[in-house]
Amino acid sequence: MNTDTVAPVGRDLGWMLRVLGGLIVGSVLVPLVWGEYYAIPGLVVSGLVPITIGLALSTAFADADSPDKLHGMVVAAVGWFAIAVFGSLPFLMIAWTVTLTPEGLATPPATDSINALTNPLNALFESMSGFTGTGLTMVDDEGALPRTLQWWRSVTEWVGGVGVIVLTTAILARPGSGSLTLYESEARSRKIHPSIISTVRTIWWIFVLFTSVSILLLWLAGMPIWHAINHGMTGISTGGFSVIDGSIGAYDSVAIEIVLLPIMIAGGIAFPVHYLVLRGDLEGLYGDLQTRWLAGVLLVGSALLWLFLTPAYGSVAGALRYGVFQFVSALTATGFQTATQPAPLPIEAWPASAHLALVFAMIVGAAAGSTAGGLKLIRLAMLVKGIRFRVSYVFYPDSTVHRLRIDDRVLDREEGSREFGEAAIIALLWVVFLVASVFVLLLTLPDGAYPLEMILFEIASAQGNIGLSTGITGPESLPTAGKVAFILNMWIGRLEILPIVVTIRALLWRGGIYE
Amino acid sequence: MSRRRPRNRILQWVVRSGPDDPIYNLWLLSGPLLIVLVAVVGKNAVTTLLAAGYVVGFITHTAYNAFETTGRPGWIRRP
């Protein structure tokens, strides 16, 4: 990359690292409250490293030009990876503190979960999973983690959730970019405010309000307050990290599961739509194409999963309870799991038809402009309508004026073809990366250990930033190559591929490799 | 002065960033305080009532707001 590109990217990256460092240092409050004083030195050092590097970058490139579309995408791609790398430091530092038991620090006994995080790759996996809102974990028993690390995991998902809304509603939504076209076609140009800063402010406003409501709802449903705080944060951000072994299934509480359904669905609706509803525009909710499609896919998918699961559970009520929750969790990319022990049937024992129904939900995802992952419903709508649009050419004379209607937008032939092409390219790239990881896992997992549908399930879960697991993901069960592939899948999935492709092109072309 | 400034900043942020509704602003500010209260005091009749009131109040106000606002606000931009 040339200096025109490096300078704005360096400055913005520097600011991102400074904010990350501030978040880590600010988290010192948690070990102080819980009496985990041994975690404080590690947390402070973990925060000072990104602050120092961030200060150096933002000072060195203080006079850089204003960022343009290219810079925005490169900052998003490079920044997300850098945040995940530096965000792994608290895991590493605290895990090593507990393992090395330095004199003067009253450390707790090291558990398997802590030991796993002493491996830098596992720590990076955990951090990337958090900041991308995935929820797959390298920790066997989340309940055995220090409260400080439980908190840090939740913070990564909460902050990452806001990050992705900002990415889709502000950074990718630039004039002339495909993402804006796609976003406009769906969200009807409802950028919350004209500038990124005010968009970030408004999104935080809504996010804090919804998080407070979620936390208090979960507490009222019977969760201990610490669990409610963490699950409220990871629920509304559709992240899915838990503070208890066995995820939501461990509570075995219908009330908690019912309360989590609207929280997960709220996270899967585009945040500009929430803003419209809070302003009193109810039509913003039911008039939005993505929200309507979300409702339709949720209803049909949950019913199908219920149907597939009824014979396996031998109970209509049991299949309804677990099927609906898991489908909502998969489609909204939350990844909370109820089909775990002590549930009657853990998810890995579900029939292949149920696995594939969830794979479909994980690939499709929820609304663009929400915290959800996957391809997003706008692309599904565009692909379905676009195919019909292209096929219709054949049946009409050339002189016919073709129009593609997406929500309340009417696109002419050229616009329709361009937007359909963009959606198709992203969908194709999504599948290409998915298949590449399938090969990696098939080559590295023990022969015959897992059937293909379970491998597909796990990778769709990683790349769709979902977090549901059939048991393949784990510090021991997932080979090193698989962990690396999953880290890349999570990163690619979160950024909706395009910024990464743009960054690679900028590195190769502007870096002079082809010159 | 130095103690008032940060408080004002938070209030300014709340007022400027949200949907320009004083009730939602109040809800936004009181939510974290209520969570801290629940964490410190624990579960009893008062905290349960306050938390339930908070959630019911939010839902009721949102529903009332949505059904009461007839006509499309002028600030919504359509392509």
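**View 1. Ile426(A) sits in helix 19 of chain A**. Helix 19 covers residues 413-444, and this close-up of the predicted model picks out one residue along that run. Ile426(A) has 22 C-beta neighbours inside 10 Å, and 20 or more is what it takes, so Ile426(A) counts as buried. Leaving aside residues up to four places away in sequence, Ile426(A) touches Leu375(A) and Arg379(A), plus the run of Glu496(A), Ile497(A) and Leu498(A). For a sense of scale, Thr168(A) is 258 residues apart from Ile426(A) in sequence, yet the two C-alpha atoms are 14 Å apart in space.

**View 2. Helix 15 and helix 18 of chain A pack at an angle of about 90°**. Here residues 289-313 (helix 15) meet residues 377-393 (helix 18), with the two axes 9 Å apart. An angle like that falls between 65 and 115 degrees, which means helix 15 of chain A is roughly perpendicular to helix 18 of chain A. On the helix 15 side, look for Leu289(A), Gln290(A), Trp293(A) and Leu294(A); helix 18 answers with Leu377(A), Ile378(A), Leu380(A) and Ala381(A). Sorted by type, the residues of this contact come out as seven nonpolar, one polar and no charged.

**View 3. Chain B is built from three helices and zero strands**. Read from the N terminus, its elements simply go α-α-α. Chain B has 79 residues, and 19% of them count as buried.

**View 4. Chain B meets chain A through 30 of its residues, with 26 residues coming from chain A**. Helix 1 (4-17), helix 2 (22-41) and helix 3 (45-68) of chain B each put at least two residues into the side that touches chain A. Helix 3 of chain B gives the most, with ten residues. As for the character of that side of chain B, it splits into 20 nonpolar, six polar and four charged residues.

**View 5. The largest nonpolar core has 167 residues**. Those with the most contacts inside the core are Leu209(A), Leu216(A), Trp219(A), Leu309(A), Phe327(A) and Leu358(A). Helix 10 of chain A (residues 196-220) brings the largest share of the core, 13 residues.

**View 6. Leu209(A) reaches residues of chain B**. Which residues does Leu209(A) touch, not counting those up to four places away in sequence? They are Tyr24(B), Trp27(B), Leu28(B) and Gly31(B). Leu209(A) is also one of the residues with the most contacts inside the largest nonpolar core.

Terms used
Residues are numbered from 1 along each chain as its sequence is written. Chains are lettered from A and ligands numbered from 1 in the order in which they are written. This is a predicted model: local features need pLDDT of at least 70, side-chain atom pairs count only at pLDDT 80 or more; totals for chains, interfaces and linings use all residues. Helices (H or I, at least four residues) and strands (E, at least two) are DSSP runs, numbered from the N terminus. A residue is buried if 20 or more other C-beta atoms lie within 10 Å of its own, exposed if 12 or fewer, and partly exposed in between; C-beta atoms are placed from the backbone. Two residues are in contact if their C-beta atoms, placed from the backbone, lie within 7 Å. Axes are lines fitted to C-alpha atoms, for helices over the stretch in contact, and angles run from 0 to 180 degrees between N-to-C directions. Angles under 35 degrees count as roughly parallel, over 145 as roughly antiparallel, 65 to 115 as roughly perpendicular and the rest as oblique. Ala, Val, Leu, Ile, Met, Phe, Trp, Tyr, Cys and Pro count as nonpolar, Asp, Glu, Lys and Arg as charged, and the others, Gly among them, as polar. A nonpolar core is a set of buried Ala, Val, Leu, Ile, Met, Phe, Trp, Tyr and Cys residues joined through C-beta atoms within 7 Å.
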